[in-house]
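This report describes selected features of one protein model, from single residues to the packing of helices. Please consult the sequence and the three-dimensional view while reading.

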Amino acid sequence: MRDVAQKAANGGPMSVTVPSRTLRRTMVVVAAVLGLGWLSGLGAHSAAPTGRPPATAGGTAPQAAPGRPAARLMARAGRSAVPPGPPRSRPAGGGPAGPAARPADDLTARLWYLASPPGAKAAAPRPRVDCRKVKCIALTFDDGPGPYTAKLLDMLAARHVKVTFFLIGGNIRGREALVRRELAEGHVIGDHTWSHPSLDSLSDGAIKSQLTRTLGEIRRASGHGTVLMRPPYGATNRRVAVVARGMHMAQILWSVDTNDWLDRNSAIVAHRAVSWAHPGDIILMHDIHPTTVNAVPKILAGLSRRGFTFVTVPELFGDRSLKPGQTYFDGPVPRPKSTRTKAASHPKGAPQPTGPAPSGTAPTGH
């Protein structure tokens with residue numbers, strides 16, 4: 001060691017001799033430490049971080065449920081990341097998860113999966129209504145959301161009435177909260193195109209663009225889509241039907257038009273809605289007109305007095321499947337009472353029959 005120090009002081013080359021046994025022992029210790037560190041890192045990186053899906057080779061998150069239009073559109077919009085929190089019972093696109101998925105052509109069933117906004121408080125289940133036994137009526141409002149939609153929602157909530165809204169895509173920007181509220185309060189929403197053109201005069205590509213852009217806005221605002229569409233002015237044809245079928249949408253028209261856009265008078269609108277209504281009707285109104293919104297309390301009171309039950313469009317059809325591309329103007333009506341029931345219910349004060357009614361007929365006077 002003295003020679004080594006002397007060489008270092010004189011600027012000469014310095015060498016240190018380490019026994020081979022010490023060198024081997026040091027290398028074993030270093031190797032063990034590196035090995036333990038590598039194994040620890042492997043365990044930490046093998047699991048995906050909580051609330052975040054692992055990336056694919058392309059660096060993007062994998063698309064959930066690639067066979068469903070909802071998931072595909074959300075993936076294109078960059079919404080494929082799963083938010084933190086407990087696992088969902090259905091994918092973010094709103095479709096059913098796993099093998100329990102509903103058939104693509106059963107739009108009534110699929111709509112219930114699409115209509116629940118993410119993170120919304122679960123609403124109490126509504127009693128099932130059989131519109132073949134009771135007088136059902138479906139109120140629908142077009143062209144919103146608008147400046148009077150919140151007031152309309154307050155009126156409906158106070159009376160526990162659910163309706164169907166057909167939204168204009170260009171009106172959603174800045175009113176996303178209204179779309180979320182409509183869904184959260186149990187209403188149903190549909191696609192009413194982007195800018196309200198007559199679809200029957202457009203090319204196939206333009207028809208699809210009008211519906212797709214609005215569907216994208218609905219998804220952006222609420223996280224979910226819809227399987228209902230309404231062609232503006234009721235203008236539809238075979239080409240519109242083909243595009244709607246390709247987008248898995250049913251065309252919902254109407255059987256009662258209040259003409260509220262023409263006559264901006266609340267009393268007139270209410271009178272038409274109440275007096276023209278029949279069981280199974282779909283009533284057309286617009287929540288962009290203050291006169292229409294102001295007519296709603298009278299409409300609800302008048303129809304209630306006539307014994308109607310208020311339902312959404314999917315509730316109106318119940319077990320009857322809505323087919324993609326097909327056009328619907330109204331729903332089922334109550335089935336007539338049986339002959340025996342009619343024969344037993346004789347008007348008060350009318351003369352009683354002297355004998356049994358002929359088979360297959362009912363007494364007159366009903």
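Asn259 counts as partly exposed in this predicted model, because its relative accessibility is 23% and the partly exposed class lies between 20% and 50%. Asn259 belongs to the loop between strand E6 (256–257) and H9. Its backbone deserves attention as well: the phi of Asn259 is near 55°, a positive value in a residue other than glycine. Most residues other than glycine have a negative phi, and most peptide bonds are trans.

Asp143 also has a positive phi without being glycine, with a value near 75°. Asp143 is found in strand E1. Is Asp143 buried or exposed? Asp143 is buried, because its relative accessible area is 11% and the buried class covers values under 20%.

The table sets out accessibility for these two residues and for Ile268, a residue of helix H9.

| Residue | Relative accessible area | Class |
|---|---|---|
| Asp143 | 11% | buried |
| Asn259 | 23% | partly exposed |
| Ile268 | 33% | partly exposed |

The peptide bond from Gly144 to Pro145 is cis, with omega near 0°. Pro145 is placed in the loop between strand E1 (136–144) and H5.

A further feature concerns cysteine. How many disulfides does a search of the whole structure find? The search finds one. This disulfide joins Cys131 and Cys136, whose sulfur atoms are 2.1 Å apart. The link of Cys131 and Cys136 is left-handed, with -90° about the S-S bond. Both Cys131 and Cys136 are buried.

The next topic is helix H6, which comprises residues 176–184. Its buried residues include Glu176, Leu178, Val179, Glu182 and Leu183. Why can the buried residues of H6 be said to line one face of the helix? Seen down the axis of H6, they fall within an arc of 165°, and therefore they line one face. In general, an α-helix has 3.6 residues a turn, so residues three or four places apart point the same way. The buried residues of H6 pack against two helices and two strands: helix H5 (149–159), helix H7 (204–222), strand E2 (164–167) and strand E3 (188–191). After H6 comes Gly186, with a positive phi near 90°.

The packing of one helix pair can be described in greater detail. Two packed helices are described by the angle between their axes and the distance between the axes. For helix H9 (residues 266–275) and helix H10 (residues 290–305), the axes come within 8 Å and cross at roughly 35°. The crossing of H9 and H10 is right-handed. On the side of H9, the contact involves Ser266, Val269, Ala270, Ala273 and Val274. These residues meet Thr291, Asn294, Ala295, Lys298, Ile299, Gly302 and Leu303 in H10. By character, the residues of this contact of H9 with H10 divide into seven nonpolar, four polar and one charged. Ile268 and Thr292 are 24 residues apart in sequence, and their C-alpha atoms are 9.6 Å apart in space.

Finally, the protein may be considered as a whole. Its secondary structure comes to 12 helices and nine strands. Of its 366 residues, 37% count as buried. Among contacts with a separation of 6 or more, 72% are accounted for by residues 24 or more positions apart.

Notes: Residues are numbered from 1 along each chain as its sequence is written. This is a predicted model: local features need pLDDT of at least 70, side-chain atom pairs count only at pLDDT 80 or more; totals for chains, interfaces and linings use all residues. Side-chain values use heavy atoms; hydrogens and water are left out. Axes are lines fitted to C-alpha atoms, for helices over the stretch in contact, and angles run from 0 to 180 degrees between N-to-C directions. Helices (H or I, at least four residues) and strands (E, at least two) are DSSP runs, numbered from the N terminus. A crossing is left-handed if the near helix is turned anticlockwise from the far one by less than a right angle, and right-handed if clockwise. Contact means heavy atoms within 4.5 Å. Ala, Val, Leu, Ile, Met, Phe, Trp, Tyr, Cys and Pro count as nonpolar, Asp, Glu, Lys and Arg as charged, and the others, Gly among them, as polar. A disulfide is a pair of cysteine sulfur atoms within 2.5 Å. Buried means under 20% relative accessible area, exposed over 50%, partly exposed in between (1.4 Å probe, protein chains only). The arc is that of the directions from the helix axis to the C-beta atoms.
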